[in-house]
Structures are given as C-alpha cells and as structure tokens.
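Reader: I am new to reading structures, and I would like a close look at one topic only, namely empty space and what surrounds it. Please go slowly and connect each step to the next.

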Amino acid sequence: MSARQQRAATFVGLFIALGLPFLIDLLLGKRPTDLAVPSRVVVFIIEKWIVALALVSLVLFWECQSLGSIGIKKMSGRDLLWGVIGFFVGAVSFILTAPIVNALGLGTTSAGIAQLAQVPVALRMAIVVTAGITEEILFRGYPIERLSSLTGRLGLGALIAYVAFVLLHIPFWGIGGTIQIGVWSLIITFLYVRRRNLLACILMHVLNDAYAFILLPMFFAQYLPQ
C-alpha cells in the first residue's frame, strides 16, 4: 500500500472512530430518558458493535495492520495491575467530583445510573461489556495511535481522542455527569498513554461500568435519585 492510500485509510478510520458515533447519535436523537427504555438500549448496543467492528475491519483489511497497531496486545501482569488501580482511582474521582457538580447545581451521573437501573440486569451486563470494549477501540486505541502517527505527537492524539469521548457523553449524562466522566477519562487516557495496552483500559472501563450499572443499583439503590 502506498503512503497516500495509507493516509486515506487512516482518515476514513478516524471518521469512523470519532465522527460516525456523533452522526448516529444525532440521527437517533438520543435523550437521557432513553437509558430507561430497553428497546432503545438494545439499538445503542448494536450500533456500538457495528461501528467498532467496521473500524477493526478497516485496520485488518484496508490498512493491513495488526490489532497490535491499535493497542490490542497481550496484557502483562503489570498491565493488569494498572487496569485495576485505574478502576479504583477512577471510582474515587466520581466521589470527589460529585460535591463540586452538586454545588454548581448540575446533576451527577447518579441520575443516569438510576434510569439505567430500570432495565433488566442482563441488558445492563451487555452494556458494560459493549461500552468497555467498543468505546476503548473507538476513542482510545485507534485515534490515539493514528493521530500520533499523523502528527508525531502522542499527547495531541490523546487530547483529541479525550475531547471526542467526553463530548459524546453529554446527551446521555448532561453537563454535570459529563464533567465527572471527563475527570475519569483523564485517568483512563493517562493509562493508555502510559502502558499503550488497550486491554488494560478495557479492564478499567468494564470494572467501572460494572460497578456503576450493576453493583450500585443492586446494593445502593437507596442512594440513587428516584
């Protein structure tokens, strides 16, 4: 493949990773209340897998690169440890940012979690796995690696991916919840830049969402908004 063809494939890949999810959200007209509607949640799950698999197919069959080129590689014991530590640090970040968001008169992620708690637990488990895998491919591994290659600056690639990931959460989580997610995203973005291992980020993401979407509604429902 020529350098020109490689660049074209990369730009298409970046559109799939960072642009297509925004367009789909716009077309579907996502609203916060959709979190409580099982059929809408199923549609969103299918959408995420289609986009992520399209991107993976582009990497393998158009760019002709390995999954390792987007950070999907064997996870070492240290990567595993970093992923678990990232989860705990991320959980603390939500606790610390909640009073600040409340003081600003903005809603926290608790409102969205309470809405999502209304759908069956099996569906919430599917959301946990789906978001953990697909969002890390779309918003961490691929864009950070490809933008870093295009610009020669790892930090710039990470920044662009970070901003896109945070903005995509506004329709579901509101400004307050997105502020909290933004702080959490700094941690997981740092994890990727530090380890360059997407599986560590997937582990951190899955643990975070399992705690928020399954454990919190199951054991701490009394603390969630009604």
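Author: A good place to begin is helix 8, which gives the largest share of the lining of the largest pocket, 7 residues. Please keep in mind that this is a predicted model. Rolling a probe the size of a water molecule over the atoms shows where empty space is left. In the largest pocket, this space comes to about 890 Å³. Its lining is made of 39 residues, and those closest to the centre of the pocket are Thr-109, Ile-113, Trp-173, Ala-212 and Phe-213. Besides helix 8, the elements that give two or more residues to this lining are helix 2, helix 3, helix 4, helix 5, helix 6 and helix 7. Sorted by class, the lining of the pocket holds 26 nonpolar, 8 polar and 5 charged residues.

Phe-213 also leads to the packed interior, since it is among the residues with the most contacts inside the largest nonpolar core, together with Leu-55, Leu-138, Phe-139, Tyr-142 and Met-204. That core has 52 residues, and helix 1, helix 2, helix 3, helix 4, helix 5, helix 6, helix 7 and helix 8 each give it two or more.

From the pocket we can turn to enclosed space, where a search of the whole structure finds 1 cavity of 30 Å³ or more. The volume of this largest cavity is about 60 Å³, and its lining consists of Pro-21, Asp-25, Glu-47, Lys-48, Val-51, Thr-134, Glu-135, Leu-138, Phe-139 and Leu-168. Helix 1 (3-28), helix 2 (38-62) and helix 5 (121-151) each supply at least two of these residues, and helix 5 gives the most, with 4. The classes here are 5 nonpolar, 1 polar and 4 charged residues.

It helps to follow some of these lining residues one at a time. Asp-25, a charged residue, is placed in helix 1, and because its relative accessibility is 10%, it counts as buried, the cut-off being under 20%. Apart from its neighbours within four places in sequence, Asp-25 is in contact with Lys-30, Glu-47 and Leu-168, and of these, Glu-47 and Leu-168 also line the cavity.

Glu-47 takes us into helix 2, where the buried residues include Glu-47, Lys-48, Val-51 and Leu-55. The buried residues of helix 2 pack against helix 1, helix 5 and helix 7 (170-195). The length of helix 2 can be checked as well: at 1.5 Å a residue, its 25 residues should span 36 Å, and its end C-alpha atoms are 35 Å apart, which agrees. Just after this helix, Cys-64 takes a positive phi of about 55 degrees.

Phe-139, another lining residue, joins the cavity to the core, where it is among the residues with the most contacts. Leaving aside neighbours within four places in sequence, Phe-139 is in contact with Ala-17, Leu-18, Pro-21, Ala-161, Ala-164, Phe-165 and Leu-168, and of these, Pro-21 and Leu-168 line the cavity too.

Leu-18, one of the contacts of Phe-139, lies in helix 1 and, with a relative accessibility of 14%, counts as buried. With the same kind of sequence neighbours left out, Leu-18 is in contact with Leu-138, Phe-139, Pro-143, Leu-147, Ile-160 and Ala-164, and Leu-138 and Phe-139 bring us back to the lining of the cavity.

Note on methods:
Residues are numbered from 1 along each chain as its sequence is written. This is a predicted model: local features need pLDDT of at least 70, side-chain atom pairs count only at pLDDT 80 or more; totals for chains, interfaces and linings use all residues. Side-chain values use heavy atoms; hydrogens and water are left out. On a 1 Å grid over the protein atoms alone, a cavity is a set of points where a 1.4 Å probe fits but cannot get out, and a pocket is an open set with protein on both sides within 12 Å along at least five of seven lines; lining residues have an atom within 4 Å of a point. Grid points are joined across faces, edges and corners, and a volume is the space filled by probe spheres set on the points. The expected span of a helix is 1.5 Å times one less than its number of residues. Buried means under 20% relative accessible area, exposed over 50%, partly exposed in between (1.4 Å probe, protein chains only). Contact means heavy atoms within 4.5 Å. A nonpolar core is a set of buried Ala, Val, Leu, Ile, Met, Phe, Trp, Tyr and Cys residues joined through side-chain atoms within 4.5 Å.
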